[in-house]
Amino acid sequence: MSDHSDTEDQQPLGLFAEEPQDFYPPSPPPTTQSHTTSSGQSITLHLVGHSPLEAHHLWNGARVVSDFFESSPSTTVKDRTVLELGAGAGLPSIMAAILGAKKVVVTDFPDPDLVANMWKNIRGCEHIPHAGEPDDQLPIAADGFVWGADPTHLLAHLPPAEKGFDVLILADLLFRHSEHKNMIKTITETLAKKKDAKAYVVFCSYRPWLQHKDLVFFDLAREAGFTVEKVLEKKMERPLFENDPGDEEVLKTVTGWVVGWPEEVCVDL
């Protein structure tokens, strides 16, 4: 199996137990991947070297939700404020900025290398409005954030009158089962209480035998008072990781869900 494992479900194998005490395998170098939009634009994304936070992959969920936004920007991200959690390279956020989002905040764990890499991808994308201008002139910014932590510094990116983001993006995060409650807490504290505010949760079950644990997230969302609706399903040509165990059809399938507020709690009715 590839290295995309959760410590709660798989124990280390101790592969380096016989290496000398002063031996440390070198970190893999950073890599790049590209994403092509439906209009033919190419977006080059820098990925950090191996990361225990899995930020060294460009996940299928990120590609699928980016395509979903592009298929209907006016009803998803255009003229809206957007927050992405656990973004890695930040493809969905970059796509939202390209498509005319009012303000995008792309986040991942506050590791300096991860945050710097997100900024590198932002500054290197010529398709973002105001590309090449100073960072404070761009419609997108990168910031560090731990799921479940105080989001005050994220909300500070919004215009003063706004108290939450119109759109949240969670792309391929649900395999972190132990973090589901923290993700729900962050959605609760950052999603604007508007009837059209949506958290897009897009994922593939990369460990098919644990799909039921992935789906627990939506039970927790309902318990927290949110509505949940499945909005997309896409079958990829092949699994993201070669030779992964489990049902190949599950490994190729990406689904997308919208988590939102019920009408009775919305302030814009």
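How many aromatic pairs does the structure hold? The structure holds 10 of them, and two are examined below. The model under discussion is predicted, and every value quoted here was computed from it.

A general view comes first. The protein chain contains 8 helices and 9 strands. Of its 269 residues, 51% are buried. Among contacts in the chain with a separation of 6 or more, 69% join residues that stand 24 or more positions apart. The accessible surface of the chain amounts to about 13200 Å², and carbon and sulfur atoms contribute 52% of that surface.

The aromatic pairs may now be considered. A pair of aromatic rings is described by the distance of the centres and the angle of the planes. In the structure's set of 10 aromatic pairs, one example joins Trp-59 and Phe-241: the ring centres are 5.6 Å apart and the planes meet at 75 degrees, so this pair is edge-to-face. Trp-59 belongs to the loop between strand 2 (42-47) and helix 1 (60-71), while Phe-241 belongs to the loop between strand 8 (227-235) and helix 8 (248-252); the pair therefore ties together parts that are 182 residues apart in sequence. Trp-59 is buried, with a relative accessible area of 9%, and Phe-241 is buried as well, at 10%. A second example, formed by Phe-203 and Phe-218, is tilted, with 6.1 Å from centre to centre and 40 degrees between the planes. Phe-203 lies in strand 7 (residues 198-204) and Phe-218 in helix 7 (residues 211-223), so this pair ties together parts 15 residues apart in sequence. Phe-203 counts as buried at 4% relative accessibility, and Phe-218 counts as buried at 2%. Ring pairs also link Trp-59, Phe-175, Tyr-206 and Phe-241 into a cluster.

Trp-59 leads to a further topic. An unreviewed UniProt entry places the feature "binding site" at Trp-59, Gly-86, Ala-87, Gly-88, Asp-108, Trp-147 and Ala-171. Asp-108 is found in strand 4 (residues 103-108). With a relative accessible area of 9%, Asp-108 is buried, and its side chain reaches the backbone nitrogen of Gly-88 at 2.7 Å. Trp-147 is placed in the loop between strand 5 (140-144) and helix 5 (152-155). Its relative accessible area is 18%; because buried means under 20%, Trp-147 counts as buried. Leaving aside residues up to four places away in sequence, Trp-147 touches Leu-85, Gly-86, Leu-173, Arg-176, Glu-179, Asn-182, Met-183 and Thr-186.

The interior of the model is the next subject. In soluble globular proteins, nonpolar side chains tend to be buried together. In this model, the largest nonpolar core has 46 residues, and those with the most contacts inside it are Ile-43, Val-82, Ile-94, Ile-122, Ile-128 and Ile-140. Helix 3 (residues 91-98) supplies the largest share of this core, 6 residues. A second, separate core has 31 residues and includes Leu-85, Leu-170, Met-183 and Leu-220.

Where does helix 3 stand with respect to the rest of the structure, and how many of its residues are buried? In helix 3, 8 of the 8 residues are buried, so the helix is largely enclosed by the rest of the structure. The buried residues are Leu-91, Pro-92, Ser-93, Ile-94, Met-95, Ala-96, Ala-97 and Ile-98. Among the residues that Ile-140 touches are Ser-93, Ile-94 and Ala-97, together with Val-104, Val-106, Trp-119, Ile-122 and Ile-128. Just after helix 3, Gly-100 takes a positive phi of about 100 degrees.

Thr-81 offers another view of the interior. Thr-81 is found in strand 3 (residues 81-85) and is buried, with a relative accessible area of 0%. Beyond residues up to four places away in sequence, Thr-81 touches Lys-102, Lys-103, Leu-158, Glu-162, Gly-164, Phe-165, Asp-166 and Val-167.

Two loop residues complete the account. His-130 has a positive phi of about 65 degrees although it is not a glycine. His-130 is found in the loop between helix 4 (112-123) and strand 5, and at 45% relative accessibility it counts as partly exposed. Asn-243, likewise not a glycine, also has a positive phi of about 65 degrees. Asn-243 lies in the loop between strand 8 and helix 8, and at 75% relative accessibility it counts as exposed.

Technical notes: Residues numbered from 1 in each chain as written. Predicted model: local features only at pLDDT ≥ 70, side-chain atom pairs only at ≥ 80, totals over all residues. Heavy atoms only, no water. Core = buried A, V, L, I, M, F, W, Y, C linked by side-chain atoms within 4.5 Å. Buried < 20%, exposed > 50% of the residue type's maximum accessible area, 1.4 Å probe, protein only. Helix = DSSP H or I, 4+ residues; strand = E, 2+ residues; numbered from the N terminus. Contact = heavy atoms within 4.5 Å. Areas by Shrake-Rupley, 256 points an atom, 1.4 Å probe, with all protein chains shown as cover. UniProt positions renumbered as here; feature names shortened; annotations may be inferred. Polar contact = N/O pair within 3.5 Å; in protein donor to acceptor, adjacent residues only side chain to side chain. Phe/Tyr/Trp six-rings, centres within 6.5 Å; stacked < 30°, edge-to-face > 60°.
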